[in-house]
Protein chains: 2
Amino acid sequence: MSEISVVILSIGTELTEGIIRDSHGQFLSSELTARGFSVRRIEQLPDNDGLLARFQDGVNDADVVIITGGLGPTADDITRDAVANLCGKGLEFREDVWEMIKDRFPRLCGNANQRQAMIPEGCDVLDNPFGTAPGFRGEVDGTLLFVLPGPPKELRGMAELHLFPFVEHHFALPVRELSEASIFLIGESRLEEACREIAADNADLESVLWGTRVQERRISLYLRGGREEDRLRFLDLLAKKMGKELVRLGDLNAEQILFSTLKERGLTFAAAESCTGGMLGSVLTSLPGSSAYFLGSCVSYADSFKRRFLGVGEATLSQYGAVSRECAMEMALGVLDASGADVACSITGIAGPSGGSVEKPVGTVWFGLAGKDGAVSARQFRFGFSRDSVRRRATVTAMLLTEIYLDGDDALDMCGFWQYS
Amino acid sequence: MSEISVVILSIGTELTEGIIRDSHGQFLSSELTARGFSVRRIEQLPDNDGLLARFQDGVNDADVVIITGGLGPTADDITRDAVANLCGKGLEFREDVWEMIKDRFPRLCGNANQRQAMIPEGCDVLDNPFGTAPGFRGEVDGTLLFVLPGPPKELRGMAELHLFPFVEHHFALPVRELSEASIFLIGESRLEEACREIAADNADLESVLWGTRVQERRISLYLRGGREEDRLRFLDLLAKKMGKELVRLGDLNAEQILFSTLKERGLTFAAAESCTGGMLGSVLTSLPGSSAYFLGSCVSYADSFKRRFLGVGEATLSQYGAVSRECAMEMALGVLDASGADVACSITGIAGPSGGSVEKPVGTVWFGLAGKDGAVSARQFRFGFSRDSVRRRATVTAMLLTEIYLDGDDALDMCGFWQYS
């Protein structure tokens, strides 16, 4: 079967004035690529009279055109008019659609909202249980046209409800095989270099692509095409090169990895944070149900806080400083003892931009690990880049080190071989 | 002067397969809109032989075309070839560019990187101090063409260094006047409704646009055109309607607001968090220099943690529960006393999705406020929506309440009139 091409058009002047970033393009292209479609382009367009020409261009170039946004009740929302022109038809007021909108939103009855019941003639209405504006589906010059509302929850709901099932059934494409891995602590350029070296011996893979998920503190690596065993061998080689704890098969966050380990073993966890300021606790509690494993985190930013809440010694702070093996170990022991957790991790470092020295440059972070049944350990890392990056990397490292520590504190030595950057 | 139109093209199959979200389009369009340019569209395109046609389309439609990405050293990076074709010229190897690249990156000397010294004939090289691939500038059919490297740091640096100064000088456009406000806790649809009502009486404003900045826990509101006094009156009316603490002039985060208040008054702050899990501490410490005001946060997720670290009474927990006025007040007092801070705030609530009840539904959050020189107070809020949204709103609320509390605990009563949702 030949390629089925898609053009995605997101409408809104707030997009082309850079006030918000389009998220629909990524969502739709990711979902459609996974279903075997070929996305030819994604466009963000302002609400103005140039829309018709762009819609026509999309129809000329693709088998499926998806238009999102501009279906609101205000005069700025001109998508439906442009689509009617594209179809060479008028807009008709659909009494049934208007009744449905009023049924769901009895408070609405203005003329503005009545516009949302205007549908281009010949188009099929797509019911919108997520908001007021229905979508619609049509065909122009043999191209399938989907017009969906722009608010993110409505767009996603409508895509799952109407778009994906329809195009899957209509085109019946074979899905492209994919293996996904989650990469931690490794910088993009280092990962790219490693992948290029491995790819040179693995010519069968159709594509190796990655996306940095800053908010999730990881990189997603996607291998497409070829045989599954080749894709897995690729990931295996990458894990050998970079450290197997940093390269995980599947779509996983570090917090999910730590939680499933704690759950499996029936253990509770507590933390003591300094330079991360609470990011570790915040990330761990982003998962529902985290109260079963996570007791708390003592965010001891000031030295006085470290002394009073965690019992870190005055002598430790004056002799070694807060960013030291000794302080990290006392912080971990302090929160372990006071909280009664089974295992605890501490983080103390210099996130920058100021506060560094020759011996302890910005990016120096000490991690302490303590467990009810284990020795107390500490490990030092040097992360580069910005304050934000040091804090994110320290948060991920704390979770990975805790997981490893549960196999015994000797196991921590492997982090000495990690190829992070 | 007539409108100067811009088309922005971001190149990379990782964009059209939905693996990463384009950020260049937003950055460039926001900066260029502020400089008076009119962005006609933003496109994300795959690295394939369709590029030339898209580039030609951009040249036909706009006065300025900006192309980003696809200048890397690998065979996938075909932007430079497509641009050479567009110019109707060949690529020439520029010895001077190659020397410059080798100077900066002595470890590079492969043939792959030599490709980065190939420049379309007739184009001006744009030096790239941020990475290996230089950019270039040319002119095609009277359209100005900028080709810039794709890595975000390089793109931003090159835009500031080459693109913005050049187009500012070349077109000398009048800047569009703008007033910006930062909106807290108010939902998009509620804000839209309020703005629409106010705009009905303020027809002189050219545009009212907003962008939700989820990561910064706020909405940015932009008023463009008209007279400044009209824009400020609009914001004043909005503040009166919604609560003046929730509508602030300027580009501000809640953490900046709290810190500047603490700094002005020379006060230190500590927190006790439950449902936010450390998000408040993490947000406050995202600002460099925060150690001058922020002592720490006791993230007491488990009740045992609340008892042991904050001294919350067993009786309080058993009689009123952890999500109660009494617990919030004891948490705030506990962290105030132990940390020695001047002012403290506590957060305890039900973020969901489970754990709610009829009396305390998901979204119920209590805040406690305590100060060295003030009474202990508590306020309850009910936030809707998801776990993530409850946590983000609780974090912002804690910062705003602390600021207000510094004017006396009576001042907190005004939050009863906030129009948040």
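These legends go with close-up views of a predicted model.

**Figure 1. Chain A as a whole.** Start with the overall picture before zooming in. Chain A has 421 residues, and 58% of them count as buried. Its secondary structure adds up to 15 helices and 17 strands. Along the principal axes, the C-alpha atoms take up a box of roughly 80 × 55 × 40 Å. If you look at contacts between residues at least 6 apart in sequence, 66% of them link residues at least 24 apart. The surface that chain A exposes comes to about 16500 Å², with carbon and sulfur atoms supplying 48% of that area. On the charge side, chain A carries 43 positive and 60 negative charges, and the mean positions of these two sets sit 5 Å apart.

**Figure 2. A patch of positive charge shared by chains A and B.** Four arginines gather here on the surface: A:R21, A:R156, B:R21 and B:R156. Where does A:R21 sit in chain A? You'll find A:R21 in the loop between α1 (13-16) and α2 (24-34). With a relative accessible area of 36%, A:R21 is partly exposed. Patch members need over 30% relative accessible area, so A:R21 at 36% clears that cut-off.

**Figure 3. A:E180, a buried acid without a salt bridge.** This glutamate belongs to strand β9 (residues 178-183) of chain A. A:E180 is buried but makes no salt bridge. Which side chain of opposite charge is nearest to A:E180? That is A:R218, 4.7 Å away. The cut-off for a salt bridge is within 4 Å, so the pair doesn't count as one. Leaving out residues up to four places away in sequence, A:E180 touches two runs of neighbours: A:S220, A:L221 and A:Y222, plus A:R248, A:L249, A:G250 and A:D251.

**Figure 4. A salt bridge between the two chains.** Over all chains, the count of salt bridges comes to 64. The one in this view pairs the side chains of B:R54 and A:E43, at 3.6 Å from N to O. B:R54 is in helix α3 (residues 51-61) of chain B, while A:E43 is in strand β2 (residues 38-45) of chain A, so this pair joins two chains. Are the partners buried or exposed? B:R54 counts as buried at 8% relative accessibility, and A:E43 counts as buried too, at 0%.

**Figure 5. A:R104 and A:D127, a link within chain A.** Here the side chains of A:R104 and A:D127 form a salt bridge, 3.1 Å from N to O. A:R104 comes from helix α5 (residues 95-104) and A:D127 from the loop between β6 (124-126) and β7 (135-140), so the pair ties together parts 23 residues apart in sequence. A:R104 is partly exposed, with a relative accessible area of 35%. A:D127 is partly exposed as well, at 26%.

**Figure 6. The A:E229 and A:R227 pair, and a salt-bridge network.** The side chains of A:E229 and A:R227 meet in a salt bridge at 3.9 Å, N to O. A:E229 counts as exposed at 54% relative accessibility, whereas A:R227 is partly exposed, with a relative accessible area of 48%. Elsewhere, salt bridges that share partners build one network from A:R41, A:E43, A:R54, A:D57 and A:D61 together with B:R41, B:E43, B:R54, B:D57 and B:D61. The pair from Figure 4, B:R54 and A:E43, is among the members of that network.

How values were computed: Residues are numbered from 1 along each chain as its sequence is written. Chains are lettered from A and ligands numbered from 1 in the order in which they are written. This is a predicted model: local features need pLDDT of at least 70, side-chain atom pairs count only at pLDDT 80 or more; totals for chains, interfaces and linings use all residues. Side-chain values use heavy atoms; hydrogens and water are left out. Patches are made of residues with over 30% relative accessible area and no salt bridge: like charges are joined within 9 Å, nonpolar side chains (Val, Leu, Ile, Met, Phe, Trp, Tyr) within 5 Å. Accessible areas come from the Shrake-Rupley method with a 1.4 Å probe; for residues, only the protein chains shown count as cover. Lys and Arg count as positive and Asp and Glu as negative; His and the chain ends are not counted. The place of a charge is taken as NZ of Lys, CZ of Arg, CG of Asp or CD of Glu. Helices (H or I, at least four residues) and strands (E, at least two) are DSSP runs, numbered from the N terminus. Buried means under 20% relative accessible area, exposed over 50%, partly exposed in between (1.4 Å probe, protein chains only). Contact means heavy atoms within 4.5 Å.
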